[in-house]
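This briefing introduces a structure to a reader who is new to the field. Please look over the sequence and the three-dimensional view before turning to the points that follow.

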Amino acid sequence: MRCVCVAATTAGARPQTGGRGRLPRAVKIVLVGAGQVGSTIVEALHAEHDLTVIDTARDRLEPLAYRFDLRTIEANGASRKAIQQAGTRDADLFIACTSRDEVNLVACSFARVEAPRATTVIRTSNVEYIDLWHEGRLDVDFAVSSEVETAHAVSRSIGMPSARQTDVFADGQVQIVEFEIAADADTAIVRRKLSEAPIPDDSRVIAIIRGDSSTLPGGNDMIEPGDRIVVIGSPTAAREWSTLLAPDEHAVEDVVVFGAGQVGAAIARALTTQGIGVRVIEPNRDRAREVAEELPECRVYNTSGIDVDFLERERIGRAQAAVFAMKEDAKNHYAATLARVHGVRFTVAVVHDTISTKVYELSGVDVTINPRAVTAEEIVRFAHDPRTQQVAMLEGDRYEVLDLTTKPTSEYVGLRFRDMPIRGALIGAIVRDGRAIFPRSDEVLQAGDRVIVFTETSRVADVERVL
Amino acid sequence: MTAEQRGRIGDRATLGIDLAGALALTGTMITYLSATAALPAAVAIGYGEAFWPFLVAGGLTGAVGFGLMQLGRRSPGPIGFREGYLVVSLTWLLAAVFAGLPYLFAGEPQLSRPVDALFEGMSGFSTTGASVVADVESLDRSLQLWRQLSQWLGGMGIIVLALAVLPRLRIGGRQMFESELPGPEVDQLAERIRDTARRLWLLYIALTLVLITILLLIGFLGLDDRLDPFEAVAHALTTMPLGGFSTEARSLELFAPLTQWVVALFMAIAGLNFALLFRALVRRNPGALYRDEEARLYGALLLGGSVLVFFELLQADLFAGEEAVRQAVFQTTSLMTGTGFAITDYVDWPTLSVMAMIGLMFVGASAGSPTGSVKIVRHLLVGRMLRRELRQTIHPELVLPIRLNGRPVDERTLRAVLAFVLLYIGIFIIGAALLAIDARFSDVEIGMTEAIAAAAGTLGNVGPGLGFAGPMGSYEPFSDFSKLVMVFLMWIGRLEVLPVLVFLTRNYWRV
């Protein structure tokens, strides 16, 4: 058993630069949506900040009003009047986290007019909106998707056996993995100049960490046993690294996902992009067909998931891990237990009701993930520190991975990678037209490229300014 | 309620389709089509031959069409998709009749009987290329050109032509367009069906002009003595629609190797999906051809068939060197695409090669080309369906959408594909059986292979069969009944079975 609860550590990037730094104490926050996500946010923020919560349902607002010191407004969040009434004009942060994308988008666009200086955050279930926001075409400061966050949490929990830490970007097309080089490591990579080592295609070593010191390596640097290295690359390349460095550990090849709703499909997609073979089980016939069309790499079965005959026949028990993402916790619970009976060794379950976390744990589920909690945590993290360019931290907070969009005015635009001066930061990957490119030395940086940059924390501001 | 109103209600209950409207639209098509008779008439004047047969045929057809158009006044409104089947089927039948009239009126001895004229007319418009004329060279030049021209007009489709030219047909055009243009799905090149139709026809015309130019150049440069300007135009007109009529009794046998290679190349090009060709040539995106799964399989089958026949020919010691390659490539391309040209009488080839020739008749070229037969994309989809069945035998719960070029194909489309293939095979078997049975009652001597080849050749719009109906022979010896059966096969084969069968069912006519 590895871990019990997973919290999100990644988020997307905000295209507009200009880090705002930490929120000053006691800011005004307007929150649309008082469901599970909203409540969790309230719980985390109410002590320090002044909160106004808008929701249509009195029975969701009342418990909040009794437990916490805040103002509630019973109205539709997509109504301009309600947003004005909530005092959005003076707000510093506006969060729209209802379960409906359209309401969140409309609320945010009203808030933008009402308070142009306020930071806006939306929750969305649509990956398309996340992409648009990454490209700077959606006028919000931060966008979070429960589905994507959950999927990333799952893929981190299943991940690679030999990796210390894994983070995924650009819909999983780019991975950043931290590996530990065993003291007795004897592979072709170790003790060789990086320029001569057989490094897998579409990947590069972006940091070698030795004790307390670390280097952004050049072609002449070498990896020594006992080092930790950070590698950026495509999912395939990351797996090649994993087999290179830990040949004895079996890579995860077969994961079964039960339930192909929005969350289940997002999980299946995230695992597939990591190169993991995914089998999906979906009881609804039409939905099964939809998902099978959407995800050609997955094998989709149209069955209940608790059909013993099926589990036996399809050798579900041989899967290395099973993820339970059906809509009802009770079904997930039963199916997870049944899968364990059939021999599945590692189970991950998605929680809808908070209490289910305990239930799952009692029955031996290895990892539980609550999408709403993950989303709320992500929003809270952003509220505490809205420098969203930072998408991942490595080695505590010594290094950061930034996800930036290059400005047309940047001095780096139009330069070939080999001509770029190295100033304590490395571009590990660029995303152009939605596709990840792992640049070779003659690749030219273009304006509007999304770049994934690895840098020391102290240099973040410089990198943001220059690119 | 007046008696008149009651009467009208009674009418509607008995007939499920707007017959008057359908006939009127058919009339419109035929009327405009009749104008094409002016072209051979002009040629006849040029060669000092009788031009009046064309004018009379055109006039008569135009008059019938105009008469049908008058029925439209009784039609309640624009016709819907249900009437489309009738319009398409009838238009093609009447077009064949129209194409046959000049042969009758010209008093051509080889085509003097109405059945023969109809056969030749249907073989023309359906781009089959099966002929009842044994001695083509003795025909008048204008009649020869009319045969070639009818194939060229039928190639891209009469309705598609009408959609491109006539402004009136925009409503309801889509469904007729789909039932006429070969293939399970129509690729839209423009927002309006009319612009799509125009683009397809313009590309078709442009490619024909290119081929004419090349052939003229070959003749002009003295690279082929036999290829005079008339032959150049005539053969270009039947190469692009994958037709197969020739102005020579021995098809392309006597032309120079260079000419044969050029024709083979253009047959292969014409067998590609025209919407895809449009993307590749006009929008300058040649990669589209390579990325298309149907085009890739088409290329692979052409190559595979050619290689097979090549080795068989070497084995049998019939040809050697370049000639063996040319024979293999030309015959494979010609029969697979449903053209039906020949550069040798392959009736005498070894068994395996002859079997390959018959087998190729069932392959066809790409959907969206003027080819006949089953077409590559259907083979591809049926193959994938069978593979899916195999996989689902082991994993019954597995959901496996079938994809074409990465996009999932609708299950209804797949069912239609399967239905088409089964109907096609069924009709082929019945057709071959009818020919064999009829041969017993008339004095025609045909064996099993000849009956099969004749049915496959006409249903697949290929043309030549085997035996006396082989590439250098003619269908003349068949009995009238057999000829009518084959007229039906060509008709139903050109319209891809369903439109004709649908309108022949009782349910079609009922409410």
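Strand β14(A) is joined by two bridges to strand β1 of chain B, residues 398–399, and these strands run antiparallel. Within this pairing, Y301(A) has L398(B) as its bridge partner in β1(B). The model is a predicted one, and the predictor assigns the complex an ipTM of 0.79 and a pTM of 0.80.

**The sheet shared by chains A and B**

- Seven strands form an open sheet in the order β17(A)-β16(A)-β15(A)-β12(A)-β13(A)-β14(A)-β1(B), and the pairing is mixed.
- At the edges stand β17 of chain A (367–369) and β1 of chain B; each has a single partner strand, so one side of each is left without a neighbour in the sheet.
- Strand β13 of chain A, residues 277–281, pairs with β14(A) in the parallel sense over three bridges.
- The bridge partner of I281(A) in β14(A) is Y301(A), the residue that is also partnered with L398(B) in β1(B).

**Helices on the shared sheet**

- Helix α8 of chain A (residues 262–273) lies across four strands of chain A, namely β12 (254–258), β13, β15 (321–324) and β16 (347–350). The direction of α8 makes an angle of about 165° with β13(A).
- Helix α11 of chain A (residues 329–341) lies across β12, β15 and β16 of chain A, and runs at about 175° to β16(A).

**Contacts between the chains**

- On one side of the contact are 12 residues of chain A, and on the other are eight residues of chain B.
- In chain A, α9 (285–294) and β14 (299–301) each supply at least two residues of the side that touches chain B.
- Helix α9(A) gives the largest share of that side, with four residues.
- By character, the residues of chain A that touch chain B comprise six nonpolar, two polar and four charged.

**A parallel sheet in chain A**

- A further open sheet has six strands in the order β3-β2-β1-β4-β5-β6 of chain A, with parallel pairing.
- Its edge strands are β3 (71–74) and β6 (142–144) of chain A, each of which pairs on one side only.
- From one strand to the next, the twist averages 15°.
- Helix α4 of chain A (residues 101–114) packs on this sheet and touches β1 (28–32), β4 (93–96) and β5 (119–123) of chain A. The direction of α4 makes about 175° with that of β5(A).
- Strand β2 of chain A (residues 50–55) is joined to β3(A) by four bridges, and the two run parallel. I54(A) has I73(A) as its bridge partner in β3(A).

**Helix α6 and strand β8 of chain A**

- How many residues of α6(A) are buried? The helix is mostly covered, with 13 of its 13 residues buried.
- Helix α6 of chain A covers residues 146–158; at 1.5 Å a residue, its 13 residues should span 18 Å, and the end C-alpha atoms are 18 Å apart, which agrees.
- Strand β8(A) is also mostly covered, with five of its seven residues buried.
- Over six bridges, β8(A) pairs in the antiparallel sense with strand β11 of chain A (residues 228–233). In β11(A), I232(A) is the bridge partner of I176(A).

**Two residues with a positive phi**

- D202(A) is not a glycine, yet has a positive phi of about 55°. D202(A) lies in the loop between β8 (174–180) and β9 (203–210) of chain A.
- Because 19 other C-beta atoms lie within 10 Å, D202(A) counts as partly exposed; the cut-off for a buried residue is 20 or more.
- S251(B), likewise not a glycine, has a positive phi of about 50°. The loop between α11 (229–239) and α12 (257–270) of chain B holds S251(B).
- S251(B) counts as buried because 25 C-beta neighbours lie inside 10 Å.

**Confidence in chain B**

- The average pLDDT of chain B is 87, and 92% of its residues score at least 70.
- Among the elements of chain B, helix α1 (residues 3–14) has the lowest mean pLDDT, 50, whereas α12(B) has the highest, 95.
- Over residues 1–7 of chain B, pLDDT stays under 50, and the model has one contact beyond four places in sequence for this stretch.

Note on methods. Residues numbered from 1 in each chain as written. Chains lettered and ligands numbered in written order. Predicted model: local features only at pLDDT ≥ 70, side-chain atom pairs only at ≥ 80, totals over all residues. Pairing = 2+ DSSP bridges. Axes fitted to C-alpha atoms, helices over the stretch in contact; angles between N-to-C directions. Contact = placed C-beta atoms within 7 Å. Nonpolar A, V, L, I, M, F, W, Y, C, P; charged D, E, K, R; others polar. Buried ≥ 20, exposed ≤ 12 C-beta atoms within 10 Å, placed from the backbone. Expected span 1.5 Å × (residues − 1). pLDDT = per-residue confidence, 0-100.
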